[in-house]
Amino acid sequence: MITFQKQEVQFRLQGISRLKNWISAVVTKEKKECGNLSFVFMDDQTLLSHNQQFLGHDTYTDIITFDYREGKQVNGDILISVERVRENAGKFDVAFETELRRVMIHGVLHLCGYKDKKKEDQVVMRKKENAALRLFDKEFSSAS
């Protein structure tokens, strides 16, 4: 089950059923099963608090992923700073919705086992993100 929540942020997620179908399709393409995925959208300060409390990191970030995988079943909590996504969208000159989908699927890919600490892992992660974004545009966007 895929759920979406918000905490300490004014935000309305668009196209929820399309997003759920897309996320499930990406998980299936990775030869995994979609278990319980919870996306929690929040402000910078709230995500910073979680980063400090649970990971011991005193830095702002766009996403934190908590992995509860069980075998092939993908389970986890994905915490996302809407403020940081909006700022990064401007910095990278992409639409907010595009950057939001990239960050969301980045968390899902972590739960599928992909890492991003080493340069070579970052390259693989970016390719997977781009492929997932193309899949969304082709099969799940409102224009399809």
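## Strands and helices around S2 and H5

In S4, the strand that covers residues 73-81, leucine 79 is the bridge partner of valine 40. This pairing belongs to a predicted model, and it offers a way into the strands. S2, which spans residues 33-42, and S4 pair in the parallel sense, with 8 bridges between them. S2 is also mostly covered, since 7 of its 10 residues are buried, that is, under 20% relative accessible area.

S2 is joined to another strand as well: 6 bridges link it to S1, made of residues 2-7, and these two strands run parallel. Within this pairing, methionine 42 of S2 stands opposite glutamine 7. Between S1 and S2 the chain passes through helix H1, residues 16-29, and the β-α-β crossover formed in this way is left-handed.

From H1 the picture can be carried on to helix H5, which comprises residues 119-140. The axes of H1 and H5 come within 10 Å and cross at roughly 130°; this angle lies outside the ranges for roughly parallel, perpendicular or antiparallel, the last of which begins over 145 degrees, and therefore the two helices are oblique to each other. Their crossing is right-handed. On the H1 side the residues that meet H5 are Arg18, Leu19, Asn21, Trp22, Ala25, Val26 and Lys29, while H5 contributes Ala132, Leu133, Leu135, Phe136 and Phe140.

H5 also packs against helix H4, residues 96-111, at an angle of about 125°, with the two axes 9 Å apart. Because of that angle, H4 is oblique to H5, and the crossing of H4 and H5 is right-handed. The contact draws on Thr98, Arg101, Arg102, Ile105, His106, Leu109 and His110 of H4, and on a set of H5 residues that includes Met125, Arg126, Glu129, Ala132, Leu133, Phe136 and Asp137. Ala132, Leu133 and Phe136 of H5 thus take part in the contact with H4 and also meet residues of H1.

What remains is the loop between H4 and H5, where aspartate 116 lies. Is this residue buried, partly exposed or exposed? Its relative accessibility is 21%, and because buried means under 20%, aspartate 116 counts as partly exposed. Apart from its neighbours within four places in sequence, aspartate 116 is in contact with His106, His110, Asp121, Gln122 and Met125; of these, His106 and His110 of H4 and Met125 of H5 also belong to the contact between the two helices. Aspartate 137, by comparison, is 21 residues from aspartate 116 in sequence and 24 Å from it in space, taken from C-alpha to C-alpha.

Technical notes
Residues numbered from 1 in each chain as written. Predicted model: local features only at pLDDT ≥ 70, side-chain atom pairs only at ≥ 80, totals over all residues. Heavy atoms only, no water. Buried < 20%, exposed > 50% of the residue type's maximum accessible area, 1.4 Å probe, protein only. Helix = DSSP H or I, 4+ residues; strand = E, 2+ residues; numbered from the N terminus. Pairing = 2+ DSSP bridges. Right-handed = clockwise from strand over helix to strand, strands pointing away. Axes fitted to C-alpha atoms, helices over the stretch in contact; angles between N-to-C directions. Parallel < 35°, antiparallel > 145°, perpendicular 65-115°, else oblique. Left-handed = near helix turned anticlockwise from the far one by under 90°. Contact = heavy atoms within 4.5 Å.
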